[in-house]
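Thank you all for coming; I would like to walk you through one structure this morning, slowly enough that anyone who has not seen it before can follow along. Please have a look at the picture first, and then we will go through it together.

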Amino acid sequence: MNYIVTKTYDELSKKAADIIAAQIINKPKCVLGLATGSSPVGTYKQLIKYNKEGTVDFSTVTSVNLDEYVGLDGTNDQSYRYFMNDNLFNHVNIDKSKTFVPSGLAKDLKAEGEAYDNMIKELGGIDLQLLGIGLDGHIGFNEPDKYFVKATHEVKLDESTIKANARFFEKEEDVPKTAITMGMMSIMQAKKILLVANGKAKKEIVEKAFFGPIDPMVPASILQLHPDVTVIFSEE
Ligand code: F6R
C-alpha cells in the first residue's frame, strides 16, 4: 500500500487529481470508478481546472459511480447522480451517456445490481476506483456486516451513516434509509484503488482499516488484500 499523509485538504485534493489525471493521460479510454461525499469534492475541482486548462481530456472516459440512495431520482439535488453532475460532469467534456450511477429507482434492485456488475465487466472492469471512507469503515455503502458482500446490492444504511449524511439534508428524517451500492467484487477487481480521507475524525477508522485485522465489521479493511492501493490522508 502506498500511504501518503498531507498537511492540508488542498494538498490531498491536488495529489488525488494528479493520480486520476495520470490515469486518463496514460489510457484515454479508461473506466473511472467515482465516489460522492465531501472528501472528493476538492479532487473534482482540481480535475475541472485541469480540463479547462486543456491538460486532461475526459471525452473518451467512461465513469461508474459507487452508489445511489434508493428512491431518489437524478433530478433530486440530494441524489448522487445530481451530485456528480453538479460537482464534475457538468464542468468537464465527459460524454454524459458514458457516466453511470446505479439506479435507486429500479423496481427490482437485485436485477439492477446484477446488470450494473455485468456492465462493469463488459466495460473491461474499472481502471481506477476512487473511494472515500465512512466513519464506520464503509466503502461505497458497504456497511459493517458479518461478511463482505460481493455483488452490487441494496443496503440498509447504518444509524451512524444516516447521522453523518444528515448534514447534506434539511433534516435527519429526510436521509433515505436504504441505498444501492457497488459490492466488494467490482471494487476489488479495479486495477487501481485511490482512497481519500480527510480530517481528524477519520484518523481512527483509517488506522483500523489499513493497519488492523481484515474484518467485515471494518469493510475498508478488505483493501489490504488489493495489490495496488493508494491512501491519501489529510491531517487538516
Ligand atoms: C460515496 C461513498 C461513501 C463516502 C463516505 C465518506 O459515494 O461511497 O462511501 O465516500 O461516506 O463520505 P465523506 O467523504 O462525505 O466523509
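Let me begin at the side chain of Lys-202, where an N or O atom is 2.7 Å from an oxygen atom of the ligand, and let me say at once that this is a predicted model. On its own the ligand would expose 410 Å², and the protein buries 94% of that. Asp-67 also takes part through its side chain, an N or O atom of which is 2.7 Å from an oxygen atom of the ligand, whereas Ser-38 uses its backbone, with a polar atom there 2.8 Å from a ligand oxygen.

Which residues come nearest among the 14 around the ligand? They are Ser-39, Asp-67, His-138, Gly-140 and Lys-202. If we sort the shell around the ligand by character, we find 3 nonpolar, 8 polar and 3 charged residues, and the space that the ligand takes up is the largest pocket.

Let me now turn from the ligand to charged pairs within the protein. Side chains of opposite charge can pair when their charged atoms come close, and a search of the whole structure finds 8 salt bridges. One of the salt bridges joins Glu-53 to Lys-49, with 3.4 Å between the closest N and O atoms. Where do these two residues sit relative to each other in helix α2? They are 4 residues apart in that helix, which covers residues 41-53, and so about one helical turn separates Glu-53 from Lys-49.

Terms used:
Residues numbered from 1 in each chain as written. Predicted model: local features only at pLDDT ≥ 70, side-chain atom pairs only at ≥ 80, totals over all residues. Heavy atoms only, no water. Near = heavy atom within 4 Å. Polar contact = N/O pair within 3.5 Å; in protein donor to acceptor, adjacent residues only side chain to side chain. Areas by Shrake-Rupley, 256 points an atom, 1.4 Å probe, with all protein chains shown as cover. 1 Å grid on protein atoms, 1.4 Å probe; cavity = no way out; pocket = protein on both sides within 12 Å on 5 of 7 lines; lining within 4 Å. Sits in = over half its atoms within 2 Å of the grid points. Nonpolar A, V, L, I, M, F, W, Y, C, P; charged D, E, K, R; others polar. Salt bridge = Lys/Arg side-chain N within 4 Å of Asp/Glu carboxyl O.
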